[in-house]
Amino acid sequence: SMGSIGHSGTRYDLDREMELRFEVEAGEKVHMELLSGLGEIFGSELNRNKKYTFGPGSKIAVFTWHGCSIVLSGKTEVAYVSKDTPMLLYLNTHAALEQMRRQAEKDNERGPRVMVVGPTDVGKSTICRLLLNYAVRVGRRPTLVELDVGQSSVSVPGTMSALCIERPADVEEGFSVQAPLVFHFGSTTPGTNIKLYNKLTSSLAESFSQRCEVNRRASVGGCIINTCGWVKGSGYQALVHCASAFQVDVVLVLDQERLYNELKRDLPHFVRVVLLPKSGGVVERSKDCRRDSRDEKIREYFYGFRTTSFFPHAFDVRFSDVRIYKIGAPSIPDSCLPLGMSQDDTQLKLVPVSPGRDLAHHVLSVSSVDDEAEGVQSQGILESPVCGFIVVTAVDTQAQVMTVLSPAPRPLPRHTLLIMDIRFIDLK
Ligand code: ATP
């Protein structure tokens, strides 16, 4: 089913329900074209005779329900065809969710709220994308809730967000990110501040529910929640918290029977917990690979993607013009806490950061909180969405200014900044 066609690449002929999997080598690009038949990538349909380009490190699967021919050119690390995929089970899952949406429509109820869970590298993000694509392709308007603070598909790392899906994901660039609701978490693992993580999960759930009340299509479309791969201890508790905050109806557990049994035991009986196999195609990603894709996500935020370049601005910001906070004071022993204060309070406390050299390269969220109201209500800052991000590229303590990289020209839209643990070195 495979043949070389000279300089133009390698041709793969797939029968129905087969999948072509390939990875792009570091520093390389791979071009792909659908020659005949129908094919899709993670639920987005391919156009015939269009050249798709995938960058270094991409891990792609072209699946076909009916058969198709594909040509690949460029340096792939691996490329092979598999007949063994869980796609039929995934499609059935979509069909069941669609049935729930139809029922919701009839009964004037809300559509399915689905939480996708599993350890790292089981294809959680991929199945979310697939289910959202299938839903939007049949005319639904589902919401993606992104709780994976390490590898967010919606915004920069260290954030938690919700995005209303209005069209299928672009094959190369993913979902179009217009007007997402984004909250600042500040680091790449929920464990850094689990109280904040749970609180922001609740905030997102509340916003989503409010939207459902005024938007019937959003309500019927329901949501697909992508979670972190941390499924033990507090990570597990965070999943249980999320299920209750969003009042999920369905939990899809990928690949881990133990987690499946635990959730079946701990969630209310009306929640449908479903165990699904992971795809053999899902590729394990190393620490470096994860770091690279986090970096890439930040780079994309400032510079755009191949087809849409952005031109970020660099300018100086006076220390005296901004207020920088970190969320969460270092935890101290219970016995040392002031009377009436709990460990929760320290994790959700806003700690002023005095600007200095250490700020260099940190990513800062620009809070949407009203500059006037700020200071009065720290709770307000915690619960306000973010309106953008900047990176500190240089600090001049003498002059009391920092140089920042910003998507928009000066001045900053707001003056309350939240510091992330995450750094970005701008090599452009
Ligand atoms: P995380 O641990 O970050 O939460 P995850 O469980 O969400 O990971 P994904 O990001 O969905 O996993 O998948 C991991 C990688 O495997 C991605 O690069 C994805 O593109 C790739 N992948 C997923 N399914 C397939 C497949 N069937 N064939 C080839 N590659 C795939």
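**Exercise 1. A residue from the binding-site record**

In which strand does Glu 19 lie? Work out its place, decide whether it is buried or exposed, and list what it touches.

*Solution.* The structure shown above is a predicted model, and each step below should be read with that in mind. Step one is to locate the residue: Glu 19 lies in strand 3. Step two is to judge its surroundings, for which a cut-off is needed: a residue is buried if 20 or more other C-beta atoms lie within 10 Å of its own. Glu 19 has 21 other C-beta atoms within 10 Å and is therefore buried. Step three is to list the contacts, and here, leaving aside residues up to four places away in sequence, Glu 19 touches Ala 61, Val 62, Phe 63, Val 81, Ser 82, Thr 85 and Gly 281. Step four is to turn to the record: in an unreviewed UniProt entry, the annotation "binding site" covers Glu 19 together with Lys 59, Asp 121, Val 122, Gly 123, Lys 124, Ser 125 and Thr 126.

**Exercise 2. A glycine from the same record**

Find where Gly 123 is placed, and explain why Gly 123 counts as buried.

*Solution.* Begin with the position: Gly 123 sits in the loop between strand 11 (113-117) and helix 2. Next, count the neighbours: Gly 123 counts as buried because it has 25 C-beta neighbours inside 10 Å. Finally, with residues up to four places away in sequence left out, the contacts of Gly 123 are Leu 254, Lys 278, Ser 279 and Val 282.

**Exercise 3. The shell around the ligand**

How many residues surround the ligand, and which element gives the largest share of the shell?

*Solution.* The first step is the count: the ligand is surrounded by 18 residues, of which the closest are Ala 61, Thr 120, Ser 125, Thr 126 and Gly 281. The second step is to ask where the shell comes from, and the elements that give two or more residues to it are strand 3 (18-24), strand 8 (59-64) and helix 2 (124-137). Helix 2 provides the largest share, three residues. The third step is to sort the shell by character, which yields four nonpolar, eight polar and six charged residues.

**Exercise 4. Two helices**

Compare the span of helix 2 with its expected value, and then do likewise for helix 3.

*Solution.* Helix 2 has 14 residues and reaches 20 Å from its first C-alpha to its last, close to the 20 Å expected at 1.5 Å a residue. Helix 2 is also mostly covered, since 13 of its 14 residues are buried, and just after this helix Gly 139 takes a positive phi of about 95°. Helix 3 (residues 194-214) has 21 residues and reaches 31 Å between its end C-alpha atoms, close to the expected 30 Å. Among the buried residues of helix 3 are Leu 200, Leu 204 and Phe 208. When reading such a list, it helps to recall that an α-helix has 3.6 residues a turn, so residues three or four places apart point the same way.

**Exercise 5. An open sheet**

Which strands stand at the edges of the five-stranded open sheet?

*Solution.* First write down the order of the strands, which is 6-5-8-3-10, with antiparallel pairing. Strand 6 (44-45) and strand 10 (76-82) stand at the edges, each with a single partner strand, so one side of each is left without a neighbour in the sheet. To check one pairing in detail, note that strand 5 (residues 40-41) and strand 6 are antiparallel and joined by two bridges, and that Ile 41 has Ser 44 in strand 6 as its bridge partner.

**Exercise 6. An enclosed strand**

Why is strand 24 described as largely enclosed, and in which sense, parallel or antiparallel, does strand 21 pair with strand 24?

*Solution.* Strand 24 (residues 416-423) has eight residues, six of which are buried, so the strand is largely enclosed by the rest of the structure. Taking the partners in turn, strand 19 (residues 323-327) runs parallel to strand 24 and is joined to it by three bridges, with Tyr 325 standing opposite Leu 418. Strand 21 (residues 362-367), by contrast, pairs with strand 24 in the antiparallel sense over four bridges, and in that pairing Val 366 has Leu 417 as its bridge partner.

Methods:
Residues numbered from 1 in each chain as written. Predicted model: local features only at pLDDT ≥ 70, side-chain atom pairs only at ≥ 80, totals over all residues. Near = placed C-beta within 6 Å. Nonpolar A, V, L, I, M, F, W, Y, C, P; charged D, E, K, R; others polar. Expected span 1.5 Å × (residues − 1). Buried ≥ 20, exposed ≤ 12 C-beta atoms within 10 Å, placed from the backbone. UniProt positions renumbered as here; feature names shortened; annotations may be inferred. Contact = placed C-beta atoms within 7 Å. Pairing = 2+ DSSP bridges.
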